[in-house]
Amino acid sequence: AERASNAFKAAKRHGLLSPGEAMRVELSEADATVEGALPADTTLVYLSNLCFGAELTRAIARRLVRLPKLRCVGALRELDLDDEAIRKDASSDGEDAPACQLESVRSLRVGTTWAENSRLHVYCCREFVPLPYGSLK
């Protein structure tokens with residue numbers, strides 16, 4: 001949490017975020033598998049899940065896709081988009097239905113504290129996939 005907080009302060013200090021953008025950023029550290037731990041107005045998520053097991057990553061992804069305002073997720077480890085609990089289809093309805101259908105947008109090489117060439121997997125809800133990525137209708 002301290003590293004993220006320092007990066008956020010540096011981004012503001014160097015003008016990488018406007019004051020309006022900075023006001024909308026909330027750094028949160030909680031058990032993302034617990035109902036209500038993730039703010040309902042979350043739009044973007046960075047998931048440092050490199051050391052998470054597959055089941056923990058799936059449990060978090062299941063919570064993420066139920067966030068009503070979610071747009072995109074950046075994850076260090078790939079998400080299992082074939083998991084039925086995170087897939088949204090025409091038959092999905094009701095309170096427990098996913099709010100979005102995540103699609104893999106791209107994989108980027110990013111610098112981290114442990115490697116200069118780590119991979120970040122980017123996923124967006126289908127309606128927010130930036131062109132020319134994904135299969136927009």
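Mentor: A disulfide is called when two cysteine sulfur atoms lie within 2.5 Å. The model is predicted: local features need pLDDT of at least 70 and side-chain atom pairs 80 or more, while totals for chains, interfaces and linings use all residues. Residues count from 1 along each chain as its sequence is written, and side-chain values use heavy atoms, without hydrogens or water.

Trainee: What makes Cys100 and Cys125 a disulfide?

Mentor: Their sulfur atoms are 2.3 Å apart. That is within 2.5 Å, so the pair qualifies.

Trainee: Why is the disulfide of Cys100 and Cys125 called left-handed?

Mentor: The torsion about its S-S bond is about -60 degrees, so the link is left-handed. Cys100 sits in the loop between E2 and E3, and Cys125 in strand E4. The two are 25 residues apart, and the pair links distant parts of the chain.

Trainee: How do you know that Cys72 and Cys124 are joined?

Mentor: Their S to S distance is 2.1 Å. The cut-off is met, so this pair is a disulfide too. With 100 degrees about the S-S bond, the Cys72 and Cys124 link is right-handed. Cys72 lies in strand E2 and Cys124 in strand E4, 52 residues apart.

Trainee: How many disulfides does that give, and what is the pairing of the bonded cysteines?

Mentor: The structure holds two. Numbered in sequence order, the bonded cysteines pair 1-3, 2-4.

Trainee: Why is Cys51 called exposed?

Mentor: Its relative accessibility is 78%. Exposed means over 50%, buried under 20%, and partly exposed in between (1.4 Å probe, protein chains only). At 78%, Cys51 therefore counts as exposed.

Trainee: Are the bonded cysteines buried or exposed?

Mentor: Cys72 and Cys124 are both buried. Cys100 is buried, and Cys125 likewise.

Trainee: What makes E4 a mostly covered strand?

Mentor: Seven of its eight residues are buried. Strands are DSSP runs of E with at least two residues, helices runs of H or I with at least four, numbered from the N terminus.

Trainee: How do you know that E2 and E4 pair?

Mentor: Pairing takes at least two DSSP bridges. Four bridges join E2 (residues 72-75) to E4 (residues 118-125), so these strands pair. They run antiparallel. Val73 has Tyr123 as its bridge partner in E4, and Ala75 stands opposite His121.

Trainee: What makes E3 and E4 partners?

Mentor: Eight bridges join them, so the cut-off is met. The sense is antiparallel. Leu108 has Leu120 of E4 as its bridge partner.

Trainee: In what order do the strands form the sheet?

Mentor: The order is E1-E2-E4-E3, in an open sheet of four strands with mixed pairing.

Trainee: Why are E1 and E3 called edge strands?

Mentor: Each pairs on one side only. E1 covers 44-47 and E3 covers 102-110.

Trainee: What is the volume of the largest pocket?

Mentor: About 2,000 Å³. A pocket is an open set of points on a 1 Å grid where a 1.4 Å probe fits, with protein on both sides within 12 Å along at least five of seven lines. Its volume is the space filled by probe spheres set on the points.

Trainee: Which residues are closest to its centre?

Mentor: Ala4, Leu27, Ser28, Val45 and Tyr46, out of 42 that line the largest pocket. A lining residue has an atom within 4 Å of a point. The elements that give two or more residues to this lining are helices H1 (2-13), H2 (19-24) and H3 (54-64), and strands E1, E2 and E4.
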